[in-house]
Amino acid sequence: MIDNEHSSATLETADPAESNYSPIVRIVDDDESVRRSIRYSLRVDGIDCETFESAQDFLMRDDSRYPGCVILDLTMPGMNGLELQEEMIQRGIDLPILFLSGNGDVPSVVKALKNGAVDFLVKPFEPDELRSRVLELNEKNIQNRDKQNEIADMRKRYELLTKREKSVIGYVAKDMMNREIAELLGIREHTVKVHRGSACEKLGIRSTLEIYALLQSIGELPE
């Protein structure tokens, strides 16, 4: 079956920079009537979405640079919803999943939730409930990505430090005084101050609390 309801600018060809990474809801279901119904329901409220007729179609065409979420049917032919979820995890695709399930899919739903699925709806469901959950998932994904970008920026700045500067701020994070750090490293207290000041300038921070928070965020707190 060929899915004819794709938007004119597909995720493959659209430029995320031009769209400012606006969130997109991916609808993955082998039932064309379900895809069309959900797509219409969401677009009425101005929610951008893209449809996929199979898991393979999603993996081939989707551009995961766009934030958003995935509305995923559990029981598709070929690669089913659970298998697609596992493949997304393997590929590092961080889109939250809203599973669609039937009343008899409880074991599969439990497994999906254990694997990290955010939510599920049992068919048939109310359009208002679907829209509400989709908006929540979109916002959650945007916030998560903003946080990951912030951490990546912290890591990039941290890697600009010299080995000595990393050592010094590591001890600062342990609430050690400059004099104590100097004695431990076998250098002058003034030298510790210079390294500390240089590190803080590169990192864009000033206080001991900020140093601690940054190192904790990037997993570099000394033991």
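A residue counts as partly exposed when its relative accessible area lies between the under-20% range called buried and the over-50% range called exposed. In this predicted model, Lys166 has a relative accessible area of 24%, so Lys166 falls in that partly exposed band.

Lys166 pairs up with Glu159 in a salt bridge, their closest N and O atoms sitting 3.2 Å apart. Glu159 has a second partner in Arg155, with an N to O distance of 2.7 Å. Both ends of that second pair are partly exposed too: Glu159 has a relative accessible area of 43%, and Arg155 comes in at 27%. Add Glu220 and there is a network of salt bridges that links Arg155, Glu159, Lys166 and Glu220.

The structure holds 16 salt bridges. Another one of them joins Arg36 to Glu32, with the closest N and O atoms 3.0 Å apart. These two residues are four apart in helix α2 (residues 32-44), so about one helical turn separates them. Arg36 is partly exposed, at 38% relative accessible area.

As for helix packing, the axes of α7 (residues 163-173) and α9 (residues 189-203) come within 9 Å and cross at roughly 95°. The two helices are therefore roughly perpendicular to each other. On the α7 side, the contact is made by Arg164, Glu165, Val168, Ile169 and Val172, while α9 brings in Val192, His195, Arg196, Ser198, Ala199, Lys202 and Leu203. Sorted by type, the residues of this contact come out as six nonpolar, four charged and two polar.

Technical notes
Residues numbered from 1 in each chain as written. Predicted model: local features only at pLDDT ≥ 70, side-chain atom pairs only at ≥ 80, totals over all residues. Heavy atoms only, no water. Axes fitted to C-alpha atoms, helices over the stretch in contact; angles between N-to-C directions. Parallel < 35°, antiparallel > 145°, perpendicular 65-115°, else oblique. Contact = heavy atoms within 4.5 Å. Nonpolar A, V, L, I, M, F, W, Y, C, P; charged D, E, K, R; others polar. Salt bridge = Lys/Arg side-chain N within 4 Å of Asp/Glu carboxyl O. Buried < 20%, exposed > 50% of the residue type's maximum accessible area, 1.4 Å probe, protein only.
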